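Please look through the structure below, beginning with one annotated position and moving on to the chain that partners it.

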Amino acid sequence: MQASRARLFKEYKEVQREKVADPDIQLVCDDSNIFKWTALIKGPSETPYEGGVFQLAFSVPEQYPLQPPQVRFLTKIFHPNVHFKTGEICLDILKNAWSPAWTLQSVCRAIIALMAHPEPDSPLNCDSGNLLRSGDVRGFQSMAKMYTRLAAMPKKG
Amino acid sequence: MDLEDCMSSAGEEEEEDYYCSDRDSLDDALENEESDPQWAPPKGSSSKVITKESLLAAQREDMRRVMELLSLREHHARTLLIHYRWDVEKIFAVLVEKGKDRLFTEAGVPILESHNSDSSVSTSTAMCDICMEDLPSNEMTKMDCGHCFCNNCWTEHFIVKINEGQSRRIRCMAHKCFAICDEAIIRDLVDKRHPDLAEKFDRFLLESYIEDNKMVKWCPSIPHCGNAIRVEEDEFCEVECSCGNQFCFSCLCEAHSPCSCVMWELWTKKCRDESETVNWITVHTKPCPKCHKPVEKNGGCNLVSCICGQAFCWLCGGATGRDHTWSNIAGHSCGRYKEDREKKSERAKRDLYRYMHYHNRYKAHTDSFKQESRLKETIRDKVAVLEGRDSQLRDFSWVTNGLYRLFRSRRALSYSYPFAYYMFGGELFNDEMTKEDLEIKQHLFEDQQQQLETNVEKLSKFIEEPFDNYSEDRIMEIRMQVINLSVITDTLCRKMYECIETDLLGSLQFGIHNIAPYHSKGIEKATELPISWAAKSCNAEKRHKLEDTTNGGTSESDRPSGSGSSDEIGFSSLKRARKDDGFGDSMFDLNLPADVIDRN
């Protein structure tokens, strides 16, 4: 338990230092609980998520880093590997391919990569997966873009 | 051919007295038995009991082979064996097919062993990627795969994995590294913090030999005896653990041959599914055909009489006259399943009848078996009385042998009913055989079953006789009968198994039904595995010596008076010779029930 705390503290310091280095990711630790984190990530360019800012919630187990953190989207997103209602993410490194060498920062990077390269063959969001699998890339992109505009962009006016 | 067989065996049935009255037939049978090529000489038991103590010795041979072939260190050999489920042949096959690299990477054995350069950096510090601390190198550990983390993080990782039950495949912590960690390092690191967990880890590793290995299984005894059984070659067999538990190695249920595992599973499920009350009534009582009161059978033969005075047959429940012998009731025969019933009732009813027919017979025989096992006590007393008497009769092994033969055949007989239920039920084998074909086979099988049944009942009758009060001549006569019937039932059992294996199951296309072969000595007792190899060779030598002495010590005159059934000619003489040598007390005779041995 102490190990996880120490490690998270290290990560916290690392994040403070790297904040400028990676402008796409903004990791924030909960004021009162080091096991709760939130992150703001920018939608990668040349994807329907471009221009959006997505909020992630991290819940870190006491066995961390030997066990993976639980991550979910707080911002609604239309993506085949994200549950439309709960924001749950289907990503191998958050399940069985987890390695203790990963950090919260690198998990964010992996999620950004997942946004750019969806895997429609293991969908949590079937509608989105089916659009991609049937080859309707335009349909998928317009849906994703619409939800990005609705949920992930500051309201105009 | 089948028809002819039927006729001839039916003929034999008519002449069943032939065996009993003819003294010579015994000798014939003995000779036949000896010349029978099917009869293998008694050899060392092929199944082994693996105890907690001998578990390491049991896997050493496999480990040695892999270590020698691939020039590996012990823990890598174990990793390979665990991955390939202790199938050494499989490892060799993968090696030939895919090469060493694939063989290793698939199992998570690192190909390069990099033990260089470690000493040179021992003074400097390095950062552990897990806890992100800068630590001196002597607090870091590098695995065979080349990844280096601090001891603390490794230890935590191992503890988590061991507690998750993953002891046998703890992988490196680095991303996408599938190498299995060195067991010695795991043990050392975990031992420093949780010695009991390190012990647990060791046990898990050792027990992989049992749990990841299809030729080794835990003995299913309850409470668990702590032993495992290893078989050679054939997993379709029945074994007896040193704790006395007998079981089918394939499905770990009670020994159920000649029923196949699939059939047995269906049968036990079916018996459980029937509602409790219906079950209790069909199992324990029969309605009297006259007054319809439920009647319970508490012993004796199959002719039961109700308190209202009506006599009826326990097997079919039909009213009968009072004239009967032990094995049949005058003018009454019900061992066969009658087709005419079928025509009258609709399908559901027919199925129920059918089930009850087989279940009742199955139950009748298992019940008889239970009642007869109480005979052991009385037989012991009777023999004690006779031995106390001053007479020429000295050897009473025929009684215990006969009793054992009775148990053995009764078992086979009772399990043959669930077998017949599924074999001829038309559900399992609809696509495999035509109706006519099946019918012919059914007749063939039922003939054999009936013959066996008749002889088993006769044997039971003679063994239950109060012969301790009889004159010597009369005892001699009973002795002849018991010996004679023992031989016959043994032969009939074997024939029935052969019929099932070759004529019935052997002709099927899909081989999902396998049965353990018949052993007239009964279920094979697994022998204890010696803890060291030296002990084993020593034992073998001892046995050799024993056999030498016994061959000399057997006298011809022992033979006719000695053994109850032919199957132990070799063994019973062996037993006697051992007694002369003073070994008799400590040696087990496969042929006797366990408690009889204890008494000896």
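**From an annotated cysteine to chain B**

Apart from residues up to four places away in sequence, Cys90(A) touches Asn81(A), Ser122(A) and Leu124(A). The model is predicted. An unreviewed UniProt entry places the feature "active site" at Cys90(A). This cysteine sits in the loop of chain A that runs between β4 (70-73) and α2 (104-116). Is Cys90(A) buried or exposed? Neither label applies: Cys90(A) is partly exposed, because 17 other C-beta atoms lie within 10 Å, and a buried residue needs 20 or more, an exposed one 12 or fewer.

Chain A meets chain B through 11 residues of chain A and 12 residues of chain B. On the chain B side, seven of these residues are nonpolar, three are polar and two are charged. For the complex, the predictor gives an ipTM of 0.77 and a pTM of 0.63.

Chain B itself contains 21 helices and 15 strands. It has 600 residues, of which 34% count as buried. Among contacts in chain B with a separation of 6 or more, 60% link residues 24 or more positions apart.

Confidence varies along chain B. The mean pLDDT of chain B is 74, with 70% of its residues at 70 or more. Among its elements, helix α8 (residues 183-193) of chain B has the highest mean pLDDT, 92, and helix α20 (residues 569-581) of chain B the lowest, 36. The pLDDT is below 50 over residues 1-43 of chain B, a stretch with 37 contacts in the model beyond near neighbours in sequence. Residues 116-121 of chain B also have pLDDT below 50, and this stretch has two such contacts.

Technical notes:
Residues numbered from 1 in each chain as written. Chains lettered and ligands numbered in written order. Predicted model: local features only at pLDDT ≥ 70, side-chain atom pairs only at ≥ 80, totals over all residues. UniProt positions renumbered as here; feature names shortened; annotations may be inferred. Helix = DSSP H or I, 4+ residues; strand = E, 2+ residues; numbered from the N terminus. Contact = placed C-beta atoms within 7 Å. Nonpolar A, V, L, I, M, F, W, Y, C, P; charged D, E, K, R; others polar. pLDDT = per-residue confidence, 0-100.
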